[in-house]
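Work through the exercises below with the structure open beside you. Try each task before reading its solution.

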Amino acid sequence: MSLMPTPLTNQLLIALPALADGNFARSITLVCQHDDDGAMGIMVNKASEYTLGDVLGQMGLEAHDPDMAEQIVLAGGPVHPERGFVLHDGGMRWDSSLQVSDTLFLTTSRDILEAMAKGEGPAHALVALGCAGWGQGQLEQELTDNEWLTGPVDAELLFTLPLEARWHAAAGRIGVDFAHLADYAGHA
């Protein structure tokens, strides 16, 4: 049976409590690109061990703002964990950007981090190391296997809510309370 691609770009994948893959347990992944060849996204609720100051320092840059330097860098997924991704608003004025929606962009070029270090970056941004990737038909099969819920994206969830609140909040926005599911094991 051939699975048809679904238009999941700019949707959240919300891991169901029974999802066994440790990389994605209790995760929320923003699908940034989805087509006939597969899908790519960024997890938006898992902290890495690094701060933005650490990443900028490794690039020979210094953050102008101490609060920005303390911003947690996300673990964006298990694919290319050495590569940086910046999810942001503010347009595609950077060297290498992918438009996710009318207001949301994913940039992988150094110029956005240089601008952020100087305080000239986008109004809202999160930095992630690594991404999530699915081959042709893989994500569709995982959806069929009830590993994920899908939901809408909003700026508050991406840029404002604390990381530890995002999983429950994303599910709540589509009317799901994980505490009421039979296979929910514990609490976040």
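**Exercise 1.** In which sense do β1 and β2 pair, and over how many bridges?

*Solution.* This model is predicted. Start with the pairing: β1 and β2 run antiparallel to each other and are joined by 3 bridges. Next, look at a single position, where leucine 13 is found opposite threonine 29 of β2.

**Exercise 2.** Find the strand that 5 bridges join to β1, and say how much of β1 is buried.

*Solution.* Strand β10, residues 148-152, is joined to β1 by 5 bridges, and the two run antiparallel. One pair to locate is alanine 15 with its bridge partner in β10, tryptophan 148. Then turn to burial: β1 covers residues 11-15, and 4 of these 5 residues are buried.

**Exercise 3.** Decide whether histidine 34 is buried or exposed.

*Solution.* First place the residue: histidine 34 lies in strand β2, residues 28-35. Its relative accessible area is 12%. The cut-off for buried is under 20%, so histidine 34 counts as buried. Finally, check its side chain, which makes a polar contact of 2.8 Å with the side chain of glutamate 140.

**Exercise 4.** Which residues of α3 are buried, and against which elements do they pack?

*Solution.* Helix α3 spans residues 110-117, and 6 of its 8 residues are buried. They are Asp111, Ile112, Leu113, Ala115, Met116 and Ala117. These buried residues pack against the helices α1 and α2 and the strands β6, β8 and β9. Just past the end of α3, glycine 119 has a positive phi of about 80°.

Terms used:
Residues are numbered from 1 along each chain as its sequence is written. This is a predicted model: local features need pLDDT of at least 70, side-chain atom pairs count only at pLDDT 80 or more; totals for chains, interfaces and linings use all residues. Side-chain values use heavy atoms; hydrogens and water are left out. Buried means under 20% relative accessible area, exposed over 50%, partly exposed in between (1.4 Å probe, protein chains only). Helices (H or I, at least four residues) and strands (E, at least two) are DSSP runs, numbered from the N terminus. Contact means heavy atoms within 4.5 Å. A polar contact is a pair of N or O atoms within 3.5 Å; within protein, one must be able to donate a hydrogen and the other to accept it, and residues adjacent in sequence count only if both atoms are side-chain atoms. Two strands pair if DSSP finds at least two bridges between them.
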